[in-house]
Amino acid sequence: MKNRLQILFLILTLISYNAFACTCSIPKSLKAIQDYEFQNSDCIFIGEVLKIDSENSTFEIKVVESFNGDGIGNIYKGTYDNYCGPIINKEGRWLIYGNYNTENLIEINACGLTRSFENPENNVSATTPPEPLPPNKKESKTQAENERTEWKLRAKYDLENEVTDLRKRTE
C-alpha cells in the first residue's frame, strides 16, 4: 500500500510539473513572429532599463522611442516570466514587446521578441544558436568561435532591421 501511495504521489508531481512547463513553438520565420508580436502587443518601444529586481522578476524602464503611442520619457514598471523568457537581466537599451496587466504593469510577452541591444542573440525566439562542437570533432575551436561571432552579428543585424521595419509601420 505504501508503494502505491508513493507511485501515485510521483505521478501527480510529474503531471503538475508538466502543467507549468513553458512551451514556445518554433516560429516559421523571424518575420512571422515579428508580425505576430506587432499585432498582439499593447506596447512596443525602445526603452532604457533603469532598475532590475531579479528576485521579484520586475524592472523599471524609460521609453526612448515608441512604436505605438507610449509616451517618450515615460517611466513604466514591468514584469517578466523567469521560466518563459525573455528575461530582463541587464540595464541598458531594450526593444520591448509587452501587454499591460490589471495592475498596469508591462508584462513582457512570454516566448516573445523582447531583447537587449547589447546582446540580442540571447533571445531564443529571435535567433538560433550555432550547434556546439560534438566531442572528438576535428573542427577547430577557431571555426566554432567564428560561427558564434557570425551568430551574434546576425542577431544584431536582425534587430536593426526589425527596428527599421517598426519605424516604417508606424509612420
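1. Overall make-up. The protein has 3 helices and 6 strands. Helices (H or I, at least four residues) and strands (E, at least two) are DSSP runs, numbered from the N terminus. From the N terminus on, the order is α-α-β-β-β-β-β-β-α.

2. Ground rules. This is a predicted model, in which local features need pLDDT of at least 70 and side-chain atom pairs count only at pLDDT 80 or more, while totals for chains, interfaces and linings use all residues. Residues are numbered from 1 along each chain as its sequence is written, and side-chain values use heavy atoms, with hydrogens and water left out.

3. Confidence. pLDDT is the predictor's confidence in each residue, from 0 to 100. The protein averages 82, and 80% of the residues score at least 70. Helix α1 (residues 2–19) has the lowest confidence, with a mean of 42. Strand β1 has the highest, at 97. Over residues 4–20 the pLDDT is below 50, and this stretch has 0 contacts in the model beyond near neighbours in sequence. Contact means heavy atoms within 4.5 Å. Where pLDDT is low, the predicted coordinates should not be read in detail.

4. Surface and burial. About 11500 Å² of the protein is exposed, and carbon and sulfur atoms supply 53% of that area. Accessible areas come from the Shrake-Rupley method with a 1.4 Å probe; for residues, only the protein chains shown count as cover. Of the 171 residues, 33% count as buried. Buried means under 20% relative accessible area, exposed over 50%, and partly exposed in between (1.4 Å probe, protein chains only).

5. Long-range contacts. Take contacts between residues at least 6 apart in sequence: 53% of them join residues at least 24 apart.

6. The largest core. A nonpolar core is a set of buried Ala, Val, Leu, Ile, Met, Phe, Trp, Tyr and Cys residues joined through side-chain atoms within 4.5 Å. The largest one has 13 residues. F45, F59, I61, I88, I96, I106 and I108 have the most contacts inside it. At least two residues of this core come from each of β1 (43–53), β2 (58–66), β4 (92–100) and β5 (106–108). A second, separate core has 10 residues, including I33, F67, L95 and L113.

7. I108 up close. Leave aside its neighbours within four places in sequence. I108 is then in contact with F59, T79, Y80, P86, I88, I96, Y97, G98 and T114.

8. Aromatic pairs. The structure holds 3 of them. Rings of Phe, Tyr and Trp (its six-membered ring) pair if their centres lie within 6.5 Å; planes under 30 degrees apart count as stacked, over 60 as edge-to-face and the rest as tilted. F45 and Y76 form a tilted pair, 6.3 Å centre to centre with 35 degrees between the planes. The pair links distant parts of the chain: F45 is in β1, Y76 is in β3 (residues 75–79), and they are 31 residues apart. Both F45 and Y76 are buried. Ring pairs link F45, Y76 and Y100 into a cluster.

9. Charges over rings. A charge sits over a ring if NZ of Lys or CZ of Arg is within 6 Å of the ring centre and within 35 degrees of the ring normal. R93 places its charged end over the ring of F117, 4.2 Å from the centre. R169 does so over the ring of F38, at 4.5 Å.

10. Positive phi. S57 is not a glycine, yet its phi is positive, near 55 degrees. S57 lies in the loop between β1 and β2 and is buried, with a relative accessible area of 10%. N104, also not a glycine, has a positive phi near 65 degrees. N104 lies in the loop between β4 and β5 and is exposed, at 54%.
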